[in-house]
Each structure stands twice: as structure tokens, then as C-alpha cells.
Amino acid sequence: MEAPSTEKRIDDLNDRMAEGFGQVHREIDGLNLRLTERFQRVEKEMSEGFKRVDREIARVDGDIRELRGDIKELSRETSVRFDAMHRTMMRGFFALGGITVTLFVALAGLQGF
């Protein structure tokens, strides 16, 4: 039996290398496809998540605006009530002062000064 020629051996090696590289390329293509699908899925999930977060932020922002309006209204109402209470107290103090002076004058008149 005759040994295969160098040329035949080189051709066999070339065929095996081509087959090996073909296999590597197919595996890389499959990996690229799986990675692309996974990245697309992750990108979609992230996009949906960001949309949910944006909606929640908009809802919270609306709640905060409503709360600020409520606080301003309460502040106005509190101011009005404190002003009314202040006026009432001042009237009461002046009335008490007037009554006190009147009583002193009346008491002085009774004493005969």
C-alpha cells in the first residue's frame, strides 16, 4: 500500500479545515442569532419598563400638583381664619380695656373723688 501523496494530504487537511471553519461559522451565526433575539427581548422589556416608569412619574407629578394646590388653599384658609381670630381678639381686648376704664371711673365716682 502506497502512502498518500503530500498533495493529497494537503487537500485532505484543507477540506477538514474548511469543514471546521464552516462549523465555527455556523456556531457563530447561531450565537449571533440568539444574542440578537435576546438583546431585542431585553430592549423591548426595558422600553416597556421605562414607559411604565414614565406613566408612574406622570401620575405622581399630577398628585404632587394637586397636593400643592390643596396646600395653597389650606394656607389661604388658615390665613383668613387667623386674621379673623386676631380681629376678634383685638376687639375683645379693646372691649375689656374699655370696660375696665369704665369700671374704674364708676368706682372712682362711688368713692367721691
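Me: What makes the contact between Asp 12 and Lys 8 a salt bridge?

Reply: This is a predicted model, and in it the closest N and O atoms of Asp 12 and Lys 8 are 3.3 Å apart. The cut-off for a side-chain nitrogen of Lys or Arg and a carboxyl oxygen of Asp or Glu is within 4 Å. With 3.3 Å set against that cut-off, the pair counts as a salt bridge.

Me: Where do Asp 12 and Lys 8 sit along the chain?

Reply: Both belong to helix H1, and they are four residues apart, about one turn of the helix.

Me: Are those two buried, partly exposed or exposed, and how do you know?

Reply: Asp 12 has a relative accessible area of 29%, and Lys 8 has 44%. Buried means under 20% and exposed means over 50%, with partly exposed in between. Both values fall in between, so Asp 12 and Lys 8 are partly exposed.

Me: What makes Arg 59 and Glu 56 a salt bridge?

Reply: Their side chains meet at 2.5 Å, N to O, and the limit is within 4 Å. These two are three residues apart in helix H1, so about one helical turn separates them.

Me: Why are Arg 59 and Glu 56 called partly exposed?

Reply: Arg 59 comes out at 44% relative accessibility and Glu 56 at 38%. Neither is under 20% or over 50%, so partly exposed is the right label for both. There's a bit more to this spot, too: Glu 56, Arg 59 and Asp 63 are linked in a network of salt bridges.

Me: What about Arg 76 and Glu 73: what links their side chains?

Reply: A salt bridge, at 3.2 Å from N to O. Arg 76 and Glu 73 are both in helix H1, three residues apart, about one turn of the helix. Arg 76 is partly exposed at 48%, and Glu 73 is partly exposed at 35%.

Me: How many salt bridges turn up in the whole structure?

Reply: A search of the whole structure finds five.

Me: How many helices and strands does the protein chain have?

Reply: One helix and zero strands.

Me: Is the chain a compact globule or more spread out, and how do you know?

Reply: The radius of gyration is 47 Å, while the globule rule gives 13 Å for 113 residues. The value is well over the rule, so the chain is more spread out than a compact globule. Its C-alpha atoms fill a box of roughly 160 × 20 × 15 Å along the principal axes.

Me: What share of the residues counts as buried?

Reply: Of the 113 residues, 2% count as buried, which means they have under 20% relative accessible area.

Me: Which residues make up the nonpolar patch on the surface?

Reply: Among them are Phe 82, Met 85, Met 89 and Phe 93, and the whole patch has about 960 Å² of accessible area together. Take Met 89, which is found in helix H1. Patch residues need over 30% relative accessible area. Met 89 is at 41%, so Met 89 clears that cut-off.

Me: And which residues gather in the patch of negative charge?

Reply: Glu 7, Asp 11, Asp 15 and Glu 19 gather there, on the surface. One of them, Asp 15, is found in helix H1, which covers residues 6–111.

How values were computed
Residues are numbered from 1 along each chain as its sequence is written. This is a predicted model: local features need pLDDT of at least 70, side-chain atom pairs count only at pLDDT 80 or more; totals for chains, interfaces and linings use all residues. Side-chain values use heavy atoms; hydrogens and water are left out. Patches are made of residues with over 30% relative accessible area and no salt bridge: like charges are joined within 9 Å, nonpolar side chains (Val, Leu, Ile, Met, Phe, Trp, Tyr) within 5 Å. Accessible areas come from the Shrake-Rupley method with a 1.4 Å probe; for residues, only the protein chains shown count as cover. Lys and Arg count as positive and Asp and Glu as negative; His and the chain ends are not counted. The place of a charge is taken as NZ of Lys, CZ of Arg, CG of Asp or CD of Glu. Buried means under 20% relative accessible area, exposed over 50%, partly exposed in between (1.4 Å probe, protein chains only). The radius of gyration is taken over C-alpha atoms; the globule rule is 2.2 Å times the number of residues to the power 0.38.
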